[in-house]
Amino acid sequence: MLLLRIYMNLQAGGWSIILLSREHGTHQNVTINNLVTAGFRGWSSLMMRAEDEDSTKGNERFSRQRNVIQTKGFRIKSIISSQMDALTVADTEIRKFLLPDPIFDKFEQQRRA
């Protein structure tokens with residue numbers, strides 16, 4: 001899987017990886033289990049959606065989460081997502097990569113088989 005290879009290369013290069021999830025914090029254990037099962041391990045932080053946050057305002061939430069990350073002293077060098085709202089950032093120094101939705105990709109692989 002392309003995303004896992006990118007993830008592992010970034011880790012091997014010493015990058016801190018912070019994952020932002022659209023899932024509620026109440027689903028944190030399930031989300032972590034799914035990530036580990038898929039091969040994703042050793043991230044620096046996993047930021048989940050608060051229970052009272054509206055899921056339809058993803059770009060606002062991602063903007064707030066980016067501010068929290070930067071307040072903690074991290075510099076955001078790149079954003080990798082399969083969703084456009086996560087990539088809507090005004091900072092031209094941040095590289096943005098839009099990847100195919102992994103669920104759609106899995107569906108396409110099954111359809112071809």
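## A walk through the predicted fold

Along strand 3 (residues 78-81) the side chains take turns: I79 and S81 face one side and are buried, while S78 and I80 face the other and are not. Strands here are DSSP runs of E with at least two residues, helices are runs of H or I with at least four residues, and both are numbered from the N terminus. Buried means under 20% relative accessible area, exposed means over 50%, and partly exposed is in between, with a 1.4 Å probe and protein chains only.

Please keep in mind that this is a predicted model, in which local features need pLDDT of at least 70 and side-chain atom pairs count only at pLDDT 80 or more, while totals for chains, interfaces and linings use all residues. Residues are numbered from 1 along each chain as its sequence is written, and side-chain values use heavy atoms, with hydrogens and water left out.

### The chain as a whole

The protein chain has 5 helices and 4 strands, and from the N terminus on its elements follow the order α-β-α-β-α-β-α-β-α. Of its 113 residues, 27% are buried. The accessible surface comes to about 8100 Å², with 53% belonging to carbon and sulfur atoms; such areas come from the Shrake-Rupley method with a 1.4 Å probe, and for residues only the protein chains shown count as cover. Among contacts between residues at least 6 apart in sequence, 47% join residues at least 24 apart. Contact means heavy atoms within 4.5 Å.

### Strand pairs

Strand 3 pairs with strand 4 (residues 95-98) in the parallel sense over 4 bridges, and within this pairing I79 has K96 as its bridge partner. Strand 1 (residues 18-24) and strand 2 also pair in the parallel sense, over 4 bridges, with I18 opposite S45. Two strands are said to pair if DSSP finds at least two bridges between them. Strand 2 is mostly covered, with 4 of its 5 residues buried.

### Two nonpolar cores

Which residues make up the largest nonpolar core? There are 9 residues in all: L4, Y7, I17, L19, L35, F40, W43, L46 and M48. Helix 1 (2-12) and strand 2 (45-49) each supply at least two residues of this core. A nonpolar core is a set of buried Ala, Val, Leu, Ile, Met, Phe, Trp, Tyr and Cys residues joined through side-chain atoms within 4.5 Å. In soluble globular proteins, nonpolar side chains tend to be buried together. Apart from the largest core lies another one, of 7 residues, among them I69, I79, L87 and V89.

W43, from the largest core, touches Y7, Q11, I17, L19, I32, L35 and V36, leaving out residues up to four places away in sequence.

The structure also holds 1 aromatic pair. Y7 and F40 form this pair edge-to-face, 4.9 Å centre to centre and with 75° between the planes. Rings of Phe, Tyr and Trp (its six-membered ring) pair if their centres lie within 6.5 Å; planes under 30 degrees apart count as stacked, over 60 as edge-to-face and the rest as tilted. The pair links distant parts of the chain, with Y7 in helix 1 and F40 in the loop between helix 2 (28-37) and strand 2, 33 residues apart. Both Y7 and F40 are buried.

### Four buried residues up close

The contacts in this table leave out residues up to four places away in sequence.

| Residue | Relative accessible area | Contacts |
|---|---|---|
| L87 | 8% | I79, S81, K96, F97 and L98 |
| R61 | 3% | S21, R22, R49 and E53 |
| R66 | 8% | I76, I79, A86, T88 and V89 |
| E53 | 19% | H24, R61 and R64 |

L87 sits in helix 4 (residues 84-87). L87 and F62 are 25 residues apart in sequence, yet 8.8 Å apart in space, C-alpha to C-alpha.

R61 belongs to helix 3 (residues 58-71), and so does R66. Why does R61 count as buried? R61 counts as buried because its relative accessible area is 3%. R61 also lies over the face of F62, at 4.6 Å from the ring centre. A charge sits over a ring if NZ of Lys or CZ of Arg is within 6 Å of the ring centre and within 35 degrees of the ring normal.

E53 is found in the loop between strand 2 and helix 3. E53 and H24 are 29 residues apart in sequence and 8.6 Å apart in space, C-alpha to C-alpha.
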